[in-house]
Amino acid sequence: MSTALDSLLDLLDLERIEQDIFRGASRSAVVPRVFGGQVAAQALVAAGRTVPADLPQALGSARAGEAPLAHSLHAYFLRMGDPGAPIVYTVDRIRDGRSFTTRRVVAVQHGQPIFHLSASFQTYEEGLEHQAAMPSAPDPETLPTAAEMLPRYAGRFSEPGMVDRLIEARAAVDLRYVDAPPFGTVGVPREPRSQVWFRTHGKLADDPLLHVCMATYVSDMTLLDSVLLAHGRGGWAVGDVVGASLDHAMWFHRPFRADEWLLYDQESPSSSGGRGLGQARIYTQDGRLAITVIQEGVVRVPR
């Protein structure tokens, strides 16, 4: 396991300061604020830690002994996070049911809410099965790593040292673009679609919540890329747009491991009013649809 992945796992390992109150550390993202994926993943950790593993047994479920697993989250980013201050997560136990368990989490800094999340957990059950087919994509092992790809575009970035900052931000996760990223084709509008493969730089424990939280963390890294591609914009690191995540929703359909290759197939159906919408599907390498993601973000051209 890499040192960077160890550091990320420590970041997600929240301190319990009361029964349903947790505290998480912060760190700066590529831009001087807390990365949205960090807050979403930490909030999901907080929610998951209040769902007892023996809940089905306590409620007399026929599936006693099977811990509920996260199946969806819906979140709003309310304020920019301060990377110099810890974040406190308060969890409301909205419902403990035989099949479904619901939690609401509010993240607070400096006395103000910065993030709100609702998450639902379900005990395993059999049901009808179908899925959208996995799109074609090259073998991830044939694609360049971030350390190999990013230096090619050093001249595109608005600040010196940006390549090193971007590589550091991806040090815990092996993230590989199928085609050139937005900053690779600045000024050339393209089809609003993007694909990346990702997995953690090292093996993870078998806890399903950990894999879901890690995928949540990564899901905020590239989802609005397709919005930028449609307009030939390079992104936040280039400086030709400014923006931030507004809301984020994920549905976890099938088991997966975040330390094995996952294909993040993304597209943007619309942008208007200073906002852009991204939607995506995440597939395992053997073609199973694992996650659906939708996010809207502020995407503005600097005045």
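In the predicted model, the side chain of S245 makes a polar contact with the side chain of Q295, at 3.3 Å. A second polar contact, of 3.0 Å, joins the side chains of S245 and D220. S245 sits in strand β9, which spans residues 242-252. Its relative accessibility is 17%, so S245 counts as buried, the cut-off being 20%. Beyond four places in sequence, S245 touches F77, D220, Q295, E296 and G297. Two of these partners, D220 and Q295, thus appear both in the contact list and in the polar contacts of the S245 side chain, D220 at 3.0 Å and Q295 at 3.3 Å.

D220 also takes part in helix packing. It is one of the α6 residues in the contact with α2. Helix α2 covers residues 36-48, and helix α6 covers residues 208-222. Their axes lie 7 Å apart and pack at an angle of about 160°. That angle is over 145 degrees, so α2 is roughly antiparallel to α6. The crossing of the two helices is right-handed. On the α2 side, the contact is made by G36, G37, Q38, A40, A41, L44, V45 and G48. On the α6 side, L209, V212, C213, T216, Y217 and D220 contribute. By class, the residues of the contact of α2 with α6 comprise eight nonpolar, five polar and one charged.

Helix α6 is largely enclosed by the rest of the structure, because 14 of its 15 residues are buried. At the start of α6, a side-chain oxygen of D207 comes to within 3.1 Å of the backbone nitrogen of L209. L209 in turn belongs to the contact of α6 with α2.

A further helix, α1 (residues 3-12), also meets α6. The axes of α1 and α6 come within 12 Å and cross at roughly 105°. The angle falls in the range 65 to 115 degrees, so α1 is roughly perpendicular to α6. L5, L8, L9 and L12 of α1 meet L210, M214 and Y217 of α6. The contact of α1 with α6 contains seven nonpolar residues, no polar and no charged. Y217 is listed in the contact of α6 with α1, and Y217 is listed in the contact of α6 with α2. Residues three or four places apart in an α-helix point the same way, because there are 3.6 residues a turn. Such spacing can be followed in α1 from L5 to L8, L9 and L12.

L11 is also found in α1. L11 has a relative accessible area of 7%, and is therefore buried. Outside its neighbours within four places in sequence, L11 is in contact with A25, S26, R27, Q38 and Q42. Among these, Q38 is also part of the α2 contact with α6. The C-alpha atoms of L11 and A41 are separated by 9.7 Å, with the two residues 30 apart along the chain.

V39 lies in helix α2. At 5% relative accessibility, V39 counts as buried. Its contacts, not counting residues up to four places away in sequence, are V34, I87, Y89, A107 and F115. The C-alpha atoms of V39 and V238 are 24 Å apart, at a sequence separation of 199 residues.

Y89 also appears in a C-alpha distance with I17. The two residues are 72 apart along the chain, and their C-alpha atoms are separated by 9.8 Å. I17 is found in strand β1, residues 15-18. At 35% relative accessibility, I17 counts as partly exposed. Leaving out residues up to four places away, I17 touches F22 and R23.

In the strands, S72 was also examined. S72 lies in β3, residues 69-77. S72 has a relative accessible area of 6% and is buried. Its contacts, beyond neighbours within four places in sequence, are S118, A119, S120, M250, W251 and F252.

H110 belongs to the loop between β5 (100-109) and β6 (112-122). At 60% relative accessibility, H110 counts as exposed. Most residues other than glycine have a negative phi. Phi of H110, however, is near 50°, a positive value in a residue other than glycine.

Methods: Residues numbered from 1 in each chain as written. Predicted model: local features only at pLDDT ≥ 70, side-chain atom pairs only at ≥ 80, totals over all residues. Heavy atoms only, no water. Helix = DSSP H or I, 4+ residues; strand = E, 2+ residues; numbered from the N terminus. Buried < 20%, exposed > 50% of the residue type's maximum accessible area, 1.4 Å probe, protein only. Polar contact = N/O pair within 3.5 Å; in protein donor to acceptor, adjacent residues only side chain to side chain. Contact = heavy atoms within 4.5 Å. Axes fitted to C-alpha atoms, helices over the stretch in contact; angles between N-to-C directions. Parallel < 35°, antiparallel > 145°, perpendicular 65-115°, else oblique. Left-handed = near helix turned anticlockwise from the far one by under 90°. Nonpolar A, V, L, I, M, F, W, Y, C, P; charged D, E, K, R; others polar.
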